[in-house]
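Visitor: Please take one part of this structure and look at it closely. I am new to it, so explain each term as it comes up.

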Amino acid sequence: MKRMITSFLIVILSIVLLVILPFVLKTQQEEYIDFSEITETVDNSAKDDETLRIGLISVTGDNKSYILEKELANYIGEKLNKKVKLIQKKSYRDINVLLKNNKIDVAFLSTGAYSLYEDKESLELLARPNRGKTYYHPIVIAKKDSNINSIEDLKSQSFAFVDTYSYSGYLAMNDYLKKNGMSVNKFFSNSYFTHSHEESINQVTNGTVKAAIVDDWALQYIYNNFPDTALNIKIIKTFPEVATGPVVTHKNYEEKDKLKQILLSIEKDSSIKNTLSQLQIEKYEETKASDYPNLISED
């Protein structure tokens with residue numbers, strides 16, 4: 001009899017959990033959403049005109065930068081009098097897919113992600129950040145006490161990339177090797193993607209890989225926040241400058257003009273000045289499609 005009662009209670013408890021669990025998970029996702037499985041299917045059922053959906057990839061990948069990026073996103077939402085859903089993804093490609101499928105309203109894109117976007121005509125370029133300059137350099141770094149002093153020294157060595165859609169974290173090196181009759185798979189003994197500039201830098205300093213390619217802003221961030229780590233790094237190759245990644249929205253987004261003005265005048269508002277400073281952003285400036293390289297996805 002006791003066994004029957006116990007079994008009955010387990011069944012009842014399971015039913016209750018199945019009913020309430022989706023509501024619990026939905027509540028937990030209100031502020032931070034991670035689309036663990038992104039599909040190519042367009043679905044606008046979750047569209048909410050009172051909510052601004054912002055998608056981004058963290059520049060460094062650490063918790064501090066996420067908090068700062070969240071503050072910036074909330075500031076933009078407040079100026080538009082909208083709630084904000086900050087959608088942070090691990091992959092640059094994931095943000096492109098969300099943008100393509102109208103899952104987000106605004107995207108903070110990398111240079112590579114914008115350059116590889118299939119339908120640029122459907123996007124409105126809002127602005128690009130000025131961090132003392134509106135361009136950056138992809139750089140190849142190695143551990144300071146290593147015998148790696150040039151790209152040629154990296155033949156048959158290990159290497160860390162950031163993301164296949166990252167210009168500074170992959171595309172610049174991939175293009176360089178191709179132009180010199182080589183390929184990533186054949187040149188390095190092994191290579192992999194860390195999905196974070198900071199993690200790629202850490203992989204070099206802790207000796208996991210011989211070298212990595214990141215952007216010079218990420219390295220400056222390390223200098224400013226983790227000087228002991230920075231002392232362990234040397235630059236072995238600096239690639240030509242490229243425009244900083246743009247902030248974009250859809251051409252048909254009704255608030256696009258307001259969004260643009262918020263960004264272009266943001267440095268005048270003292271309430272967000274500290275956040276911008278820690279993100280190494282002085283201001284946002286106008287940008288256009290011709291500022292970015294023409295790239296073709298290898299997907």
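**A strand covered on both sides**

Guide: In strand β10, both faces are covered: A211, I213 and D215 are buried on one side, and A212 and V214 are buried on the other. Buried means under 20% relative accessible area, exposed over 50%, and partly exposed in between, with a 1.4 Å probe and protein chains only. The side chains of a regular strand alternate between the two faces of the sheet. β10 covers residues 211-215, and 5 of its 5 residues are buried, so the strand is largely enclosed by the rest of the structure. Strands (E, at least two residues) and helices (H or I, at least four) are DSSP runs, numbered from the N terminus.

The model is predicted: local features need pLDDT of at least 70 and side-chain atom pairs count only at pLDDT 80 or more, while totals for chains, interfaces and linings use all residues. Residues are numbered from 1 along each chain as its sequence is written, and side-chain values use heavy atoms, with hydrogens and water left out.

Next, the partners of the strand. β10 runs antiparallel to strand β7 (residues 138-143), and 5 bridges join them; two strands pair if DSSP finds at least two bridges between them. Within this pairing, V140 has I213 of β10 as its bridge partner. Strand β8 (residues 158-161) runs parallel to β10 and is joined to it by 2 bridges. There, F159 is matched with A211 of β10.

V140 and F159 also appear in the largest nonpolar core, which has 58 residues; the members that touch the most others are V140, I141, L154, F159, M173 and F188. A nonpolar core is a set of buried Ala, Val, Leu, Ile, Met, Phe, Trp, Tyr and Cys residues joined through side-chain atoms within 4.5 Å. A second, separate core has 27 residues, including A127, Y253, L276 and Y284.

M173 links several of these names. Apart from its neighbours within four places in sequence, M173 is in contact (heavy atoms within 4.5 Å) with V140, I151, F159, F161, F188, I213 and F239. I213 in that list is a residue of β10, and M173 is itself one of the buried residues of helix α5.

α5 is worth a look of its own. Of its 13 residues, 10 are buried, so α5 is largely enclosed by the rest of the structure. Among the buried ones are Y167, G169, Y170, L171 and A172. At the start of α5, a side-chain oxygen of S166 comes to within 2.8 Å of the backbone nitrogen of G169. The end C-alpha atoms of α5 are only 16 Å apart, whereas a straight helix of 13 residues would span 18 Å at 1.5 Å a residue; the expected span is 1.5 Å times one less than the number of residues. After α5 comes G181, whose phi is positive, near 70°.

Back at β10, its residue D215 has a side-chain oxygen that reaches to within 2.9 Å of the backbone nitrogen of W217, at the start of helix α8. α8 covers residues 216-225, and its buried residues are D216, W217, A218, L219, Y221 and I222. N224 is also in α8, but N224 counts as partly exposed, at 49% relative accessibility. The C-alpha atoms of N224 and Q278 are separated by 9.4 Å, although the two residues are 54 residues apart along the chain.

Y192 offers a comparison from another strand, β9 (residues 190-193). At 28% relative accessibility, Y192 counts as partly exposed. Its contacts, again without neighbours within four places in sequence, are F159, A160, F161, Q203, T208 and V209. F159 is thus in contact with Y192 and is paired by a bridge with A211 of β10. The side chains of Y192 and Q203 make a polar contact at 2.6 Å. A polar contact is a pair of N or O atoms within 3.5 Å; within protein, one must be able to donate a hydrogen and the other to accept it, and residues adjacent in sequence count only if both atoms are side-chain atoms.

Finally, the setting. The protein has 11 helices and 14 strands, and buried residues make up 48% of its 299 residues. Of the contacts with a separation of 6 or more, 81% are between residues 24 or more positions apart.
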